[in-house]
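Hi,

Here is the structure I promised to pass on. Have a look, and my notes follow underneath.

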Amino acid sequence: MGDHCMQQRRHFLRCAAAAVATPLVRAARAPASAVAVARCQSYDDGLAAKVETLMDQIGGIGGLVKGKTVAVKLNLTGNPAGRFQGLTPGLTHWTNPDLVAACCYAFSRAGAKRIRLLESGSTPAASLEDYMMNGGWDLRKLRAAGAGIEFERTNNLGLGKRYSRLKVPDGGRLFPAFDLNHSYEDADVFVSLAKLKNHLTCGVTLALKNSFGITPISIYGGDAGADEPNERARRARNAVLHEASRSPSKSAPQEVQPGASLDAGYRVPRIIVDLVAARPIDLAIIDGVQTITGAEGPWGGRGRLVQPRVLIAGRNPVCTDAVAMAVMGYNPLADRGQRPFETCDSTLALAEAAGIGTRDLSRIDVRGAAIRDVLFDFDSRMKA
Amino acid sequence: MRALAVLWTATALAAGPEAWTPLRWQGGPLETSRREKTEAPPLGAAVRKTIETWYDPQTLELLRDTPFNCLLVTWSAGAPAGVEKQQRDLVTAYAREAQKRGFSVLGLVQDAGDPAAAARDAESAGLNGLALDGDEVLARAAAIRDMSIPLVALAPRNRLRGRGISGVVAVQEGVWPGVRTEQGGAVVATPSAEPWIDSNTWLLHSVRAWTDKPVWLDYEPDSPQAADYPRAVADAAAGGGRWIVSLDANFRDGLRRGSPEAAAAWRRIVETAAFYEDHADWRTWPADGPVVIVQDPGYVHADMSDETLNLIARRQISYRIVERSRLTRNLLAASRAAVATGIGTPTDAEREMLTAFAANGGIVFGGPAWGKAGTDSETYFSRTIGRGELIAYKEEPPEQEGLSKDVRDFLLSDVPVKLFNAPSVLFTFAAEPGGRRLLIHLVNYAAQASEGATLKVRGRVSAAKIFAPAAPPAPMKVDYSDGTAEITLPRIGAAAAIVLDLSSKGG
């Protein structure tokens, strides 16, 4: 990190610690929405009550979920067999299963008709349930958390008969539309239940970045079918989405300007914004109770197990991510070249420019715990 | 355990090689001389003395109340005559003492030793047999085949196969089992890869596919920690064989000096070996699984077939191996998939049999000889045949990692037994001959115990019981979810076994 960046970072940390939200750049007037923050000591620390309080603090979710089908996109990145310091991934880099259960309980109590847990999953599994069990999840406990809990692995057609085509309203930065598993269209309410983490390509993995995983690898994976989806695909999305070394299956919408950029740091943030525009996030919840630094999974090499002991929730994913970035010790107004976006564009900035939400802390009503009280400087806890 | 141990040692000689539980027990001046020529770094003075004086009858006390009943002792290594004679005199006395206590003693003859002279002397000394080690083992064995002393030839399996071995098939191959780890022993994977496990169970299954004899694996520990030895014992036993337990010199020095750490580690080795010898009948249960792997030892890419076995086992898929000459419709009918990439071009009869299997709902994985019809995927053509599917790889042999993943992916919903949340555990299963019980061997290749694993079994399980070293058998609760039995496993140390009763009555 250069001296200039370091100075900026120190300046920002001072500001955040003082709860002074003086934005470095005045952003466009994208929508602002309240974000709730709660201190949470551990996954045994009364999660159900804490989630309920968070939901109340952002205005309640009864009106949002009552009688509705709620789709919850989890963050279960990497192979379920991967372990960091011998711990199951829910204690390191996955959304924690106890938090998932607490959220299901809250949605169910608020009247949700159906709760469908969704994730693509990086390795083949017969079902999302199998995938979760490989990660050490107790599915009986999860099923008991609410009525009508369903599971679907969305890396391909899954239980659907056809793919759903969701258009990007403004035409898209890279993609004009996406072909996705039916569950993303079926859902009345879409929840991004994410993890508080760094990301090797995008700087941070939060509620927005979580949507990257809604793309099915049958179409966007390295071994996707050339013409039609390959329902048995198993390669990650790098070739199509990060590097553009090949196209998605021809059956799906192609890039607006093929070959415009081969830089993952340019492409991935834009694809995320396109995805969030196509399938808006209605509720963002970020698990920062226990996580890792340095990367989105144990493969980054700079990872450390850390306990920020925080939960963050909001109706607007950009606002929620902005608060989460501040909690991590980053400036949510940072742009490319500034920590943590040294080699990528800021997904938040692009989302803000797209009118999805503001990242300006001065416009965000932070409720519950103050940022200064839960500030957890990720960079200082990263391995050199 | 004491009563059983007495029984083992009392019956070892009478029972013959099939009941031998082997232990490399090398020592004496010949051994130190041999090691000084071959080993780097050299033995320290204390360890050297331990090895040199190993044939003090006191060392037999270490074997009291253990299942080990067959000692491989240093007998000949082509050293100067004086050293060889000194060694044989020492070993002769030691062997007599060992035999009084019920042990069988095999004299190890290294490649520089004269097998004929060694055999004559061994007969005179009353040893129970010779174990030929080193190069050209079979040629050396042939030179003394007319002698009456039993021989164990320690050699790679491709040299032993088809040799009409009597007694024991002692395969001198194997890897020191364990999981390759990072970060202080934690099991770590990359975004899309499982942790890499070194295991020999596939090797044992491979050998047991062509012999009914007891199978031993002979390999040396690779920088072992004391806690690693039980895993090596379990790894071989799970494959239906026995590892010739071989303790490194420092460990033996610790034992000799009465080190509490070495004694505790030795106790765990003994407990693990005793566990499998207490259930020696499990070795008679044939391997079972949803996949049949068809092999041909004469296939030009036979070495790739080994990799197929290794990698499919790593995907938590249990299988049976059958030589192409023994492939039958009945064998296929009891399977979900057949991997026939290891035979090259199928004969007309094989093609007809495998096609019929696919037509009845099976999945056949074959090579380019199966043609290019069907959907063109990156590495194979796939086509529907009746109710089943044929996967014809474009390359011969197919890329093995991809093949193993394809087998897993095509079988995702059809595997009768699945193990979850146990990335460091490999399992293999066997079926009780003529019975309704299923034996599942679990070997944990990580230093840490495996906790929170779940077993899912398709169909009804009337009873489930877990067995583990130094622990009484314990019944396990079976829950059902969508018609699938779910069993939450207790903490798994180095090894355990689960017996599932699939009969309607239970028991």
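Which residues lie nearest the centre of the second largest pocket? They are Ala125(A), Ala126(A), Ser127(A), Leu412(B) and Ser413(B), out of 46 lining residues. (A pocket here is an open set of points on a 1 Å grid over the protein atoms alone, where a 1.4 Å probe fits, with protein on both sides within 12 Å along at least five of seven lines; lining residues have an atom within 4 Å of a point.) The lining divides into 16 nonpolar, 12 polar and 18 charged residues.

Before you read on: this is a predicted model, where local features need pLDDT of at least 70 and side-chain atom pairs count only at pLDDT 80 or more, while totals for chains, interfaces and linings use all residues. Residues are numbered from 1 along each chain as its sequence is written, chains are lettered from A and ligands numbered from 1 in the order written, and side-chain values use heavy atoms, with hydrogens and water left out.

On to the salt bridges (a side-chain nitrogen of Lys or Arg within 4 Å of a carboxyl oxygen of Asp or Glu): there are 66 over all chains. One of them joins Glu31(B) to Arg35(B), with the closest N and O atoms 2.8 Å apart. Glu31(B) is buried at 0% relative accessibility, and Arg35(B) is buried too, at 8%. (Buried means under 20% relative accessible area, with a 1.4 Å probe and protein chains only.) In chain A, Asp45(A) pairs with Lys50(A), the closest N and O atoms being 3.7 Å apart.

Cheers

Technical notes
Nonpolar A, V, L, I, M, F, W, Y, C, P; charged D, E, K, R; others polar. Buried < 20%, exposed > 50% of the residue type's maximum accessible area, 1.4 Å probe, protein only.
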